[in-house]
Amino acid sequence: MPDAILLDRRGPAAILTFNRPHILNAWDGAMREAIAAALTDCDRDPQVRAVVVTGAGDRAFGAGQDRDEAPPDDGGIEEWVAGWGRFFGAFRRLSKPIIAALNGVAAGSAFQVALLCDFRVGHAGVRMGQPEIRAGIASASGPWIIAAALGPMVATDLCLTGRMMAAEECRRLGLFNREVETGAVLDEAVRLAEELAALSPLALALTRQRLKRFDEEAFAEALELWPGLLRAVRRDQA
């Protein structure tokens, strides 16, 4: 079975690839833990000056949570949510710039990960959104991450309708820091990483740390409320 993630280097950039293209790079718990560990390794490597994350294939950056992995029984929900906290926290704690090379659809928690990145490189075929509500799933982390990045009105729209945004709307909302032709997003992301590598690593780390502090309270609240939301939906569906 292929590795769920791949880690490569191009100059000063570490390239972390979500490698489950047969299911649109959806992740399960083991894959999320592997991603968090890889980001920690990148943070410790002084030769890595920026991290690029992307999806394998040409269809999806990521589809979010693997639907074949359901949340655990009530007794295991807290630890399951703690795993999500470690996953999202790894993106937040990284001291180096992180760039999403959006090679296709970014949905659900993969859309949220794209928003947690500092930069996004996209193309005209990218679609992004928060479709969880259409599967009867109450979003805990989505409202926090989307509101922090795009404001409460956009978060309300996306979280309550579950609609996917086409590239034109993503562009209008400022989601793409750079837009290139299909197939060129990774190269452009690496070029951006090289530009960032020329800057002071300490200044970048301190500035990034300061930016993440703005929504630290909302991050903690999302993790605190998450188990209750899961249990409420489970009772309603029983």
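Which residue takes a positive phi in the hairpin of β1 and β2? In this predicted model, that residue is G11, with a phi near 60° in a hairpin that leaves 2 residues between the strands. The two strands of the hairpin, β1 and β2 (residues 13-18), run antiparallel and are joined by 6 bridges. One of the pairs puts L6 opposite T17, its bridge partner in β2.

The hairpin belongs to a wider sheet. Going across, the strand order is β1-β2-β3-β5-β7-β10, which makes 6 strands in an open sheet with mixed pairing. The edges are taken by β1 (5-10) and β10, and each of these has a single partner strand, so one side of each goes without a neighbour in the sheet. For the parallel part of the mix, β5 (residues 98-101) and β7 (residues 119-122) are a handy example, running parallel and joined by 3 bridges. Here I99 has F119 as its bridge partner in β7. As a general point, strands of a sheet pair through backbone hydrogen bonds, in either the parallel or the antiparallel sense.

Next come the helices, with α5 (residues 152-161) as a case of two-sided exposure. V154, A155, L158 and C159 are buried in this helix. Looking down the axis of α5, the buried residues fall within an arc of 115°, so they line one face of the helix. P152, M153 and L160, on the other side of α5, are exposed.

Salt bridges were searched for across the whole structure, and 19 turned up. In general, side chains of opposite charge can pair when their charged atoms come close. One such pair is R32 with E69, at 3.8 Å from N to O. R32 sits in helix α1 (residues 29-44) while E69 sits in the loop between β4 (60-62) and α2, so this salt bridge ties together parts that are 37 residues apart in sequence. The two partners also fall into separate exposure classes: R32 counts as buried because its relative accessibility is 4%, whereas E69, at 25%, counts as partly exposed.

A second pair, R178 and E188, meets at 2.9 Å from N to O. R178 is in strand β10 (residues 178-179) and E188 is in helix α7 (residues 185-197), so the contact ties an edge strand of the sheet to a helix, across 10 residues of sequence. R178 is partly exposed, with 23% relative accessibility, and E188 is buried, at 12%.

Then there is E169, which forms a salt bridge with R163, the closest N and O atoms lying 2.7 Å apart. With a relative accessibility of 17%, E169 counts as buried; R163, at 23%, counts as partly exposed. The cut-off for buried is under 20% relative accessible area, so these two residues fall on opposite sides of it. E169 and R163 are also part of a network of salt bridges that links them with D157 and R172.

That leaves the pockets. What is the volume of the largest pocket? It holds about 600 Å³ of space. Its lining comes to 30 residues, and Q65, R67, P71, W80 and I137 are the closest to the centre. Helices α2 (77-93), α3 (109-116) and α9 (216-237) each supply at least two of the lining residues. The largest share belongs to α9, which gives 6 residues. By class, the lining of the largest pocket splits into 16 nonpolar, 9 polar and 5 charged residues.

The second largest pocket contains about 340 Å³ of space. There are 17 residues in its lining, and those nearest the centre are L115, C117, A148, A149 and K212. Two or more lining residues come from each of α3, α4 (141-150) and α8 (201-213). Helix α4 provides the largest share, 4 residues. The lining of the second largest pocket has 11 nonpolar, 1 polar and 5 charged residues. Helix α3 thus appears in both linings, giving at least two residues to the largest pocket and two or more to the second largest.

Definitions and conventions:
Residues numbered from 1 in each chain as written. Predicted model: local features only at pLDDT ≥ 70, side-chain atom pairs only at ≥ 80, totals over all residues. Heavy atoms only, no water. 1 Å grid on protein atoms, 1.4 Å probe; cavity = no way out; pocket = protein on both sides within 12 Å on 5 of 7 lines; lining within 4 Å. Points joined across faces, edges and corners; volume = space filled by probe spheres on them. Nonpolar A, V, L, I, M, F, W, Y, C, P; charged D, E, K, R; others polar. Salt bridge = Lys/Arg side-chain N within 4 Å of Asp/Glu carboxyl O. Buried < 20%, exposed > 50% of the residue type's maximum accessible area, 1.4 Å probe, protein only. Pairing = 2+ DSSP bridges. Arc of directions from axis to C-beta.
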